[in-house]
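This report describes selected features of a structure for a reader who is new to the subject. Please keep the sequence and the model in view while reading.

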Amino acid sequence: MEYALALVVLAVVVGAVLSLPLRRRGEEELREETMLAELSAAKEAKYREIRDAELDHQMGKLSDADWRSVDRDLRSEAIEILRQLDRVEGHVPEGGMDR
Amino acid sequence: MDPSRKRKLRLVVALTAAVLLATALIYTSFSASTEASKPSQLKPGRSYDLTGKVVPGSIRHAGDDLRFRVRDRDGTASVPVTYTGVVPDPFRDGREVIVSGELEHGTFVAERDSLVTKCPSKFTKDEQTS
Amino acid sequence: MAGVGSACLAIALLTALYAAAASVFGARAGRREWVTSGRRAIYCVATLCIVAFGLLEAAFLRSDFSYALVAEGSSTDTPTFYKVTALWATQDGSLLLWATLLSLFASTVLFLTRRSLRDIAPYATAVLGCVAAFFLLLMVGWENPFDTLATPPLEGAGLNPLLRHPAMMIHPPMLYTGYVGFSIPFAFAIGALVAGRTGADWIRATRRFALIAWTFLGTGIMLGALWSYTELGWGGYWAWDPVENASLMPWLVGTAFLHSIMVQEKRGMLKIWNVSLICATFTLALLGTFLVRSGILSSIHAFGASTIGVQFLIFIGLVIALSAGLIIARLPQLRSEAKLDSLLSREAFFLLNNLVLVGLCLVIMWGTFFPLISEAITGTQASVGPPWFNRLVTPLALVLVLLTGIGPVLAWRRFTPAALWRVLWPPVSAAALALVLLLAFTNAADSPASLAMFCLVAFVLVVVGMELARGTKARRTMTGESWPRSLARLTGRNRRRYGGYLAHAGIAVLFLGVAASSAFLEQRDVRLKPGDTFEVDGYRVTYREATAKLGGDSAGTGAPISFGAVLDVRKHGKHFVMRPSRNYYSSGDASLGTISRFFEGEATSEVDVRWGLKRDLWLAVRPDIGSLEKPIQEADRKFADSPGDVQALIVAALAERYRRDPPPAAFRAIASPLVMWIWIGGAIVVLGALVAAWPSPEARLRRVRSLYSARLGRELSRA
């Protein structure tokens, strides 16, 4: 008895929670935020790679020539990410990320 | 050396290493292993890991020696065991044990410190059934 | 409330299945609202699991013996701390712990990635939902922790005394957190494969989870070793027991994974290898859980007849088949973006370290499953013992520690032997110096493997120290900061790198302890009467007197009877007292005799250890209660139907008799050098892992000022 009652109550509650996003279809604006977040993450990673390569170079783990080519590639990739970021940001209100 | 040949060479080296490791594993494990045996299967003249249950009421202390009988997990055949060394905490009547040694004149003479008792009760299912 | 708990689990099972279905449908049909709903379903599973866990925990706390699980694993006289932890000492309870931890981890990672990884996250949600559903299905179908008893007993069976040890109670949740944690990178790897996004995104998103899982698993393994050392009464910390091995295997492969993902992030290589490694790690984690449950291998921890072994095997089989199939189907996308330029490169050595780690895992796996293998081949069960493991693992461990030292100094892509020598000559000379000193002043040469290990440890420690010094120096010349400030800034801004180096140093220290204590310990087994003296490793140990305590031993395990010994230890004019003892727990079996049953239950050694940085002195006592046998049997006859308080008096009298006229007791004394450094090394590894996993300053800054940092970044890249 207790089991059946709990089963019904829990099923109703969970069902309500899960159907909420299905009824509210305001997902579109999220797409840009998602892209923004993804690009920012990619940017962070790129920056870290640039710094890491720099440190490797300072510590003698990358030869001068290697480092220059690696650094050039990384930086051009970073610039590409920043360009995309700017494009997306054009559609998002200031500070939209931080909510 | 051209790149494809180099790759092939690396592959061969890696495979050789893998085969060597595998051979070492198989060879050493089969030569170093000891056979597990029930009391009813023991034969004299070679060493075994004896597995079975401690016959209730058979545990005796004699000086530094511990004497007890081990019987088949699912049978009645049993063998006397003499053992020296550390006795694991869970050792007692009816417990499943593993002990290494050799059969000498009808008695299983165990190697020092080789007694292992299965810890039966972290999940107590088996205690209830036994 | 048991009904509510069962209902929670049933609904959680349905919700987990819904999560999988909804997120896959959402991703396929491009309907984001279904993906959101699926993600929320995982949050719901977590909530339901927590409610169920809370209900069960409450039942344990109020000792409600109408719950079968509580009656089996707890009792009113179990100390509160052990009542709380008795939940996961039972099979059903540990399944619930697994499911709860899994749903919590899954919710956390899905919440953190809710706005990123659009393509991968839905499939990862589905994988996590399926894994959760499997564990919930086990509980709903076969092992319901909320099973009730029609006639509740008045008293529970109590928690196994062997498990009444703080380390043992934290050890299982640590291991489980590790096992469960690896399901996160696994789920995202599978998600990346399904979505065809095989770049380093999934690694970036879940690397931290893999590291945290690795840390917990490692801590769990260390705690298990500590428990073995201080509670099991044999004095060792590692016995190559199947259950120990089962936890070590995923840790080793996980270690390989943490290293090789760096190659994918840096060079876009080893993609197939990385997804294979994480699939293997997760499979081994499941296998670890399964081995503990199934009892197919005999072990001191074997848990006897289990009802869920087959289900586990089927699930493991499915995981292996599906991941292998998926990897093969995606082979074209998993092509390397770069080639291995030279065998003399950091990449190549990463690969080598991976091979050694995986090789170690294979060796251990072979040994662990050898009884099954030999039964399949020769028809008889045979097993390999610790000597076999030691013989094969030792050389691999030596190579591993060597690589631990070489790895950090290597250059990416390629380096020349001359350049390598320039950075390696100081650590090599340190190792050589260590060799000379050890040969001249110690007997380390008695064990060549240990001697080699000592030299390698010196090598690694010098490498790590030099790396720090060189980094600091480089930063100082750039910024002109003071030494300590440079050092702090350097490590603070490159946490992952220097955290990793710290972990390397910790591993070296750990192996220092292992090498010293395994080869140079001194052990004595003696029988002593009060007043007798023996010597071990320069310690003069005298058995002063016997002790007998009723109710409440010093360790707080709630043991009713505790017989022990007081020993005086002298060395070089120093003097201290040690008090090992042995606890006796009464048996619930009334047929044993009214008084006998107090002595016939479980018994555990309460070891006394004199901890020291140079060496531990470890003492265990085994009182001979055989001399009490006759009076006990007499008491059984005389007081067969006596009430409880009379029984207590009798037991007290027997204990007093033992204390006043103790028979010779058996002692085991072990003096093992540098054992302490195993635990210290382990702690350093954990510290290093925490440093590496801590969010980097720029990531935290991003949350506050993301837009400005983008602008800042533009400046950086223009310069």
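## A helix and its surroundings

In this predicted model, helix α21 of chain C comprises 17 residues (residues 644-660), and at 1.5 Å a residue it should span 24 Å; its end C-alpha atoms are 24 Å apart, which agrees with the expected value. Which residues of α21(C) are buried? They are C:V651, C:L654, C:A655 and C:Y658. Viewed down the axis of α21(C), the buried residues lie within an arc of 100 degrees, and therefore they line one face of the helix. The face turned away from this buried side carries the exposed residues C:D645, C:V646, C:L649, C:A653, C:E656 and C:R660. The buried residues of α21(C) pack against four elements of chain C, namely β4 (539-550), β5 (561-571), α19 (596-599) and α20 (629-638).

## Sheet and strand pairing

Chain C also contains an open sheet of four strands in the order β2-β11-β10-β9, with antiparallel pairing. Strands β2 (522-528) and β9 (608-610) of chain C stand at the edges; each has a single partner strand, so one side of each is left without a neighbour in the sheet. On average, neighbouring strands of this sheet are turned by 15 degrees against each other, direction ignored. Strands of a sheet pair through backbone hydrogen bonds, in either a parallel or an antiparallel sense.

The table sets out strand pairs, with one pair of bridge partners for each.

| Strands | Sense and bridges | Partners |
|---|---|---|
| β2(C) and β11(C) (residues 665-673) | antiparallel, seven bridges | C:R527 and C:A666 |
| β1(B) (residues 34-37) and β1(C) (residues 382-383) | antiparallel, two bridges | B:T34 and C:S383 |
| β1(B) and β2(B) (residues 47-54) | parallel, three bridges | B:E35 and B:Y48 |

Strand β1(B) thus appears in a pairing with chain C and in a pairing within chain B.

## Nonpolar cores

In soluble globular proteins, nonpolar side chains tend to be buried together. The largest nonpolar core has 212 residues, and those with the most contacts inside it are C:V45, C:A132, C:V457 and C:F511. Leaving aside neighbours within four places in sequence, C:A132 is in contact with C:A16, C:V45, C:A99, C:L102, C:S103 and C:A106. A second, separate core has 35 residues, among them C:Y539, C:Y543, C:Y584 and C:F599.

## Contacts between chains

Two pairs of chains touch, and the most contacts are between chains A and C. Chains A and B do not touch, and their nearest C-alpha atoms are 21 Å apart.

Methods: Residues numbered from 1 in each chain as written. Chains lettered and ligands numbered in written order. Predicted model: local features only at pLDDT ≥ 70, side-chain atom pairs only at ≥ 80, totals over all residues. Expected span 1.5 Å × (residues − 1). Buried ≥ 20, exposed ≤ 12 C-beta atoms within 10 Å, placed from the backbone. Arc of directions from axis to C-beta. Contact = placed C-beta atoms within 7 Å. Pairing = 2+ DSSP bridges. Axes fitted to C-alpha atoms, helices over the stretch in contact; angles between N-to-C directions. Core = buried A, V, L, I, M, F, W, Y, C linked by C-beta atoms within 7 Å.
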